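Hi,

Here is the structure I promised to pass on to you. Please open it alongside this email, and my notes on what turned up in it follow below.

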Amino acid sequence: MTRQKRAKLDKKGLSGLGLDKLVEILLEEASANKALKARLEAALAGEAGPAEMARLIDRRLDTHEQAKTRINNARAKDLAIEFAGLVRTILSELGGVDAAGGAERILRFLALRFPISARLVSDNARLWKVFDDAEAAAAELIHSLNAQDQVPLVPHFETLRRRDRYGEHTGFLHELTGVIAAPAATAWMALLAEAMPKEPGKLGALDLLQAIALRQGDVDAYMALEEGKAENRRDTLTVAALLQGAGRHEEALQWVRRRPSGMRLLAVAGELTSVGPEYGARERRMLEAEILDKLKRRGDAQDLRWREFAETLDPTVLKLYLSKLDDFAEFDEMDRAFALVEEAEDIYSALDFFVTWPRLDRAAGLVLRHEDRWEGRYYEDLAPAAEALADQQPLAATVLYRVLISDILRRGIGVAYPHAARYLEELVRLVPHLPADARLQHHDDFVADLRRTHPKKFGFWSNVPEALR
């Protein structure tokens, strides 16, 4: 029996339909599919040249810019499909034959974001993803242009910035400062400088001017802009770091010592954020010590590092301090540091220090000396410490695991019951390794106390293996 041939939806299969049939199907589908219709129109316009294609794209952008009607959820889904097709047409069809024209139109498209958001009935992630993807592609396209072709795009940068009321384009605009060449940067700086007096306190023109100054390596321009800010907007730490990187150590020292005294508004992760005077304090002290080193004031630098370590018990700071000492001096200083940690009031920071260094023998000694002070609510410190101590210091690990289990059950933290059950299994594993003279409640008695005190914590007991109950 002859096997029946099956048609495949591929180039060969479609070619077999013939031109007339394909045209008929496309026309029928295009009447109900706006994205397909727009793509076909763009392809036809492309046959007439880039100018005709640009005219067609401009007409579609004009329509969306002038629209006022509300956009419901169903329409938003359709718009996402339509906009994805429009972006593809701008970038691939027009951008492929006229990169400058494509860049101008993609910037016009991105500027639709705010008017579209004002018309939406509810937010639509799929629609915003089209804009986010378009931003990434736009940056690449603009970067590919020659320096002079970038200059006419600058007014579009400003249109986008002025419409960016909620910071949706902040990241993209800052990315542009590293994409454009000097002529476009100069043109944009002129527009930003003109706009800056109208935007006091806003994360906008001034910050972009500083970003451009950084890209151009112009520290003096950056500093001048920083000096012009209100006191509560000034980021003296960033200026100090720039001056230090430029080898201007005396100036850097002056700026790093201009410590803030109150609340400030700083750009944090691209957003204007209120921060207290202690924000960045550690980085400021470490930078000051580095600057003092460069100024050959080694003693002052080391004093600063030691004070920082004494306040924070940060192992990284101590390692840096020790690395700056003369040969053989580090051993005495290390003993001094360990003694300071062991006497610290903050036993949790002290435990973290000895575990991280690592000096597990000293960590274990700390645990046992303060056996009655540990609180299970500090599980982020105690759980990693118990795990680190388990193999070499089983007695100290047992103390910490018992504290954790008791606290979880006492407070009835249901989501932590599986962890408590795992800690109990660890305790069983550690029993044979405990020293014979350990002054510690026997494991069986500890478990019996748990049964007596928490008999109805079924969520916990159901996670404990039958043999351990």
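Let me start with the enclosed space: the largest cavity has a volume of about 40 Å³. Please bear in mind throughout that this is a predicted model. Searching the whole structure turns up 1 cavity of 30 Å³ or more. Its lining is made up of Leu-110, Ala-111, Arg-113, Phe-114, Arg-163, Asp-164, Glu-168 and His-169. By class, that cavity lining splits into 4 charged, 3 nonpolar and 1 polar residues.

The open space may interest you too. The largest pocket holds about 440 Å³. Five elements each give two or more residues to its lining: helix 11 (170–177), helix 13 (205–215), helix 14 (219–227), helix 15 (236–245) and strand 1 (264–268). Which of them gives the most? That is helix 13, with 5 residues. In total, 24 residues line the largest pocket, and those nearest its centre are Asp-207, Tyr-222, Asp-235, Thr-238 and Ala-267. The lining of this pocket is mixed in character, with 9 nonpolar, 8 charged and 7 polar residues.

Now to the nonpolar cores. In soluble globular proteins, nonpolar side chains tend to be buried together. Here, the largest nonpolar core has 57 residues. Inside this core, the residues with the most contacts are Leu-318, Leu-351, Trp-374, Leu-389, Leu-400 and Phe-460. Helix 24, which covers residues 394–411, is the top contributor to the core, giving 10 residues.

Trp-374 is a good place to zoom in. Setting aside neighbours within four places in sequence, Trp-374 is in contact with Ile-347, Tyr-348, Leu-351, Leu-366, Val-367, Leu-382, Leu-400 and Val-403. Two of these partners, Leu-351 and Leu-400, are themselves listed among the residues with the most contacts inside the core. There is also a second, separate core of 51 residues, which includes Val-87, Phe-131, Leu-173 and Val-179.

Finally, some totals for the chain as a whole. The secondary structure amounts to 27 helices and 2 strands. Of the 469 residues in the chain, 42% are buried. Among contacts with a separation of 6 or more, 59% are between residues 24 or more positions apart. The accessible surface of the chain is about 26000 Å², and carbon and sulfur atoms account for 52% of that surface.

Happy to talk any of this through whenever it suits you.

Best wishes

Technical notes:
Residues numbered from 1 in each chain as written. Predicted model: local features only at pLDDT ≥ 70, side-chain atom pairs only at ≥ 80, totals over all residues. Heavy atoms only, no water. 1 Å grid on protein atoms, 1.4 Å probe; cavity = no way out; pocket = protein on both sides within 12 Å on 5 of 7 lines; lining within 4 Å. Points joined across faces, edges and corners; volume = space filled by probe spheres on them. Nonpolar A, V, L, I, M, F, W, Y, C, P; charged D, E, K, R; others polar. Helix = DSSP H or I, 4+ residues; strand = E, 2+ residues; numbered from the N terminus. Core = buried A, V, L, I, M, F, W, Y, C linked by side-chain atoms within 4.5 Å. Buried < 20%, exposed > 50% of the residue type's maximum accessible area, 1.4 Å probe, protein only. Contact = heavy atoms within 4.5 Å. Areas by Shrake-Rupley, 256 points an atom, 1.4 Å probe, with all protein chains shown as cover.
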